[in-house]
Structure formats: C-alpha cells, structure tokens
Amino acid sequence: HNPLPMHAQARDAGVAPSAVYDRIVEHGRTSPAPEPAAAAPTRPSRPDSEVVHRVPVLDSPRLGPDDALVTVVVFSDFQCPFCSRVVPTLTQLRERYGADLRIVFKHNPLPFHQRAAPAARAAIEVHRERGDAAYFHMHDLLFENQRSLEDQDLVRYAARVGASRTRVRAALAEEGHRDVIARDQALAARLGARGTPSFFINGHVLTGAQPLTAFTQRVDTVLAEARARVAAGVPRASVYEAVTAP
C-alpha cells in the first residue's frame with residue numbers, strides 16, 4: 001500500500017487544503033482494517049502426570065501377579081518403533097521389581113501404521129486361545145519382526161506359540177476382535193493417551209520411550225505409597241483398586 005498519510009496523498013493529488021477532509025471521508029474507511037490477531041497455537045491436551053487416572057485392567061493380557069503393588073498399563077502399537085524400543089526397558093523393570101510389578105498390555109494401533117491393527121488381531125486371538133504367557137511370546141515376536149507383519153507372517157508367529165493357524169487366519173480375514181481394540185482405543189482417548197507408547201503407573205501417566213530411570217523414579221514413588229497402604233491394612237490384591245479409586 002502507499003506509505004504516505006492520506007492527507008499527504010490528497011495534497012499531492014492537487015486537492016485544495018480546505019477540501020482534504022472531504023476527500024478522505026468521501027468513500028468511507030480508506031485505510032485497511034487491522035488484521036485480527038493470530039490465535040495462539042494450541043497444543044493437544046496431555047494427561048497430567050500428577051493426576052491419578054483410573055485405568056481398569058479388565059481381561060487385558062498381563063505379566064506379573066494380580067496382587068502386585070505396582071501396575072504398569074501400556075497402550076502400544078506393534079508397528080510403532082518407539083514401542084519396540086521400550087520393550088527391553090519393561091523387561092528390566094520386571095527383573096528389578098519382581099512380584100511387586102505387573103505389566104498390562106492394551107492395544108492402540110495408530111491409523112497410519114497399516115499393519116498394526118492386523119498384528120493386534122492376531123495377538124488377541126493368541127491370547128484367547130493360549131493365555132497370557134503365549135500372548136507375550138507373540139508380543140515379543142511381533143516387536144522383533146516389525147518389518148514382517150503381513151498376514152502370512154502373523155499366522156506363522158501365532159503358530160510358533162501354539163495358536164491355531166485356521167483361527168488366526170479367520171481373525172485376520174474377518175477383522176476379528178475389533179471390539180477389544182475399539183474398547184482399548186476408547187479408553188486411551190478418554191485418558192488423553194493419543195500417542196504410543198503411553199504408560200499408566202498406578203494411574204500416573206508417562207509417555208514415550210523414556211529411559212529406565214524415568215520409569216524407576218515413578219515406580220519407586222508409587223511403590224512406597226502402596227507399601228504404606230498395605231501397612232495400614234489394605235490387602236495387596238486390593239491396592240491397585242484403592243490407589244486408582246476416584
């Protein structure tokens with residue numbers, strides 16, 4: 001636009017000084033309206049790490065005793081490289097805390113990982129047929145072979161852990177176990193855990209492939225709280241429900 005003030009523009013155009021004002025207002029506002037201030041960028045909401053979230057275990061696969069004092073609920077995706085990266089860390093946690101820790105797996109296959117949902121369906125079928133131990137064997141095979149998750153691969157891995165090839169093929173062809181995946185994803189959304197991996201440690205959130213120290217700091221804190229509850233008379237088997245009660 002012309003950088004000269006409007007009265008100077010009118011003067012330079014030969015308008016008499018006594019007529020400058022009339023020329024300026026002749027057609028209403030002649031300067032551009034100020035542009036609205038840009039809205040401040042908003043970040044997706046994340047669950048607060050200091051808030052205790054209620055995360056039901058339900059019938060999800062788990063490693064560790066049901067009366068463990070610390071429950072780590074994992075929302076994961078079998079095609080996610082960050083989820084794969086944290087698997088050894090979870091193994092180290094189990095070795096470190098023993099019977100005081102259990103890990104619960106929930107499915108959150110992300111839409112841009114095309115083979116994550118089929119892998120989840122195959123894994124759920126293994127769980128239905130063979131239980132927790134076979135499920136986590138399948139879990140390990142899937143993460144170890146993230147570049148080979150086609151249907152024939154999934155059937156082969158499932159057979160290695162003792163599941164029926166026929167039933168796994170049917171689960172893949174018919175998009176079986178969608179109800180389980182949808183239930184887990186709805187829970188993840190309600191908790192604000194949109195990315196993977198996301199962890200809830202006795203209800204406290206931790207996101208991403210964090211180092212072992214990030215996990216142990218949180219586990220040590222909630223474990224001390226859980227032991228205090230046991231000392232106050234809460235049965236071990238009731239601790240998780242007690243610490244995550246609304």
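How many salt bridges does a search of the whole structure find? I ran that search first, and the count came to 15 salt bridges. I note at the outset that this is a predicted model, and I read the entries below with that in mind.

**Entry: confidence**

I looked up the confidence next, and the chain averages a pLDDT of 87, with 80% of the residues scoring at least 70. Over residues 20-45, however, the pLDDT is below 50, and this stretch has twelve contacts in the model beyond near neighbours in sequence. Where pLDDT is low, the predicted coordinates should not be read in detail. I therefore leave the details of residues 20-45, where the pLDDT is below 50, out of my notes.

**Entry: the chain as a whole**

I found nine helices and five strands in the chain, and reading along the sequence I wrote down the pattern α-α-β-β-α-β-α-α-α-α-β-β-α-α. The chain has 246 residues, of which buried residues make up 43%. I also looked at how far apart in sequence the contacting residues are: among contacts between residues at least 6 apart, 76% join residues at least 24 apart.

**Entry: helix α4**

How many residues does helix α4 have, and how far apart are its end C-alpha atoms? I noted 29 residues, from 116 to 144, with the end C-alpha atoms only 14 Å apart, whereas a straight helix would reach 42 Å at 1.5 Å a residue. I then looked for a bend in α4 and found one of about 140° at Gly 131.

Tyr 135 is also in helix α4, and I recorded it as buried, with a relative accessible area of 0%. Leaving out residues up to four places away in sequence, I listed what Tyr 135 touches: Pro 61, Phe 78, Phe 105, His 107, Ala 123, Ile 124, Val 126 and His 127. For one of these, Phe 105, I took the separation from Tyr 135, which is 30 residues in sequence and 9.9 Å in space, C-alpha to C-alpha.

**Entry: Arg 121 and Glu 175**

Which side chain of opposite charge is nearest to Arg 121? Arg 121 is found in helix α4, and the nearest such side chain is that of Glu 175, 4.8 Å away. A salt bridge needs the charged atoms within 4 Å, so at 4.8 Å this pair does not qualify, and Arg 121 is buried yet has no salt bridge. Apart from its neighbours within four places in sequence, Arg 121 is in contact with Ala 171, Leu 172, Glu 175, Gly 176, His 177 and Ile 181.

I followed Glu 175 a little further and placed it in the loop between α6 (165-173) and α7. Glu 175 is partly exposed, with a relative accessible area of 39%, and its phi is positive, about 50°, although it is not a glycine.

**Entry: individual salt bridges**

I then went through some of the salt bridges one by one. Asp 67 forms one with Arg 236, with the closest N and O atoms 3.9 Å apart. Asp 67 lies in the loop between β1 (62-63) and β2 (70-76) and Arg 236 in the loop between α8 (212-231) and α9 (239-243), so this pair ties together parts that are 169 residues apart in sequence. Asp 67 counts as partly exposed at 30% relative accessibility, and Arg 236 counts as partly exposed at 30% too. I also noted that Asp 67, Asp 100, Arg 227 and Arg 236 are linked in a network of salt bridges.

Asp 66 and Arg 62 meet through their side chains in a salt bridge of 3.1 Å, N to O, and Arg 62 is buried, with a relative accessible area of 15%.

In helix α5 (residues 151-160), Asp 153 and Arg 156 are three residues apart, about one helical turn, and they form a salt bridge with the closest N and O atoms 3.2 Å apart. Asp 153 is buried at 10% relative accessible area, whereas Arg 156 is partly exposed at 37%.

**Entry: backbone details**

Most residues other than glycine have a negative phi, and most peptide bonds are trans. Against that background I noted Leu 58, in the loop between α2 (20-25) and β1, where phi is near 55°. I also noted the cis peptide bond that joins Thr 196 and Pro 197, with omega about -5°; Pro 197 lies in the loop between α7 (178-191) and β4 (198-201).

How values were computed. Residues numbered from 1 in each chain as written. Heavy atoms only, no water. Helix = DSSP H or I, 4+ residues; strand = E, 2+ residues; numbered from the N terminus. Expected span 1.5 Å × (residues − 1). Bend = angle between axes of the 7 residues up to and from the residue. Buried < 20%, exposed > 50% of the residue type's maximum accessible area, 1.4 Å probe, protein only. Lys, Arg positive; Asp, Glu negative; His and termini not counted. Contact = heavy atoms within 4.5 Å. pLDDT = per-residue confidence, 0-100.
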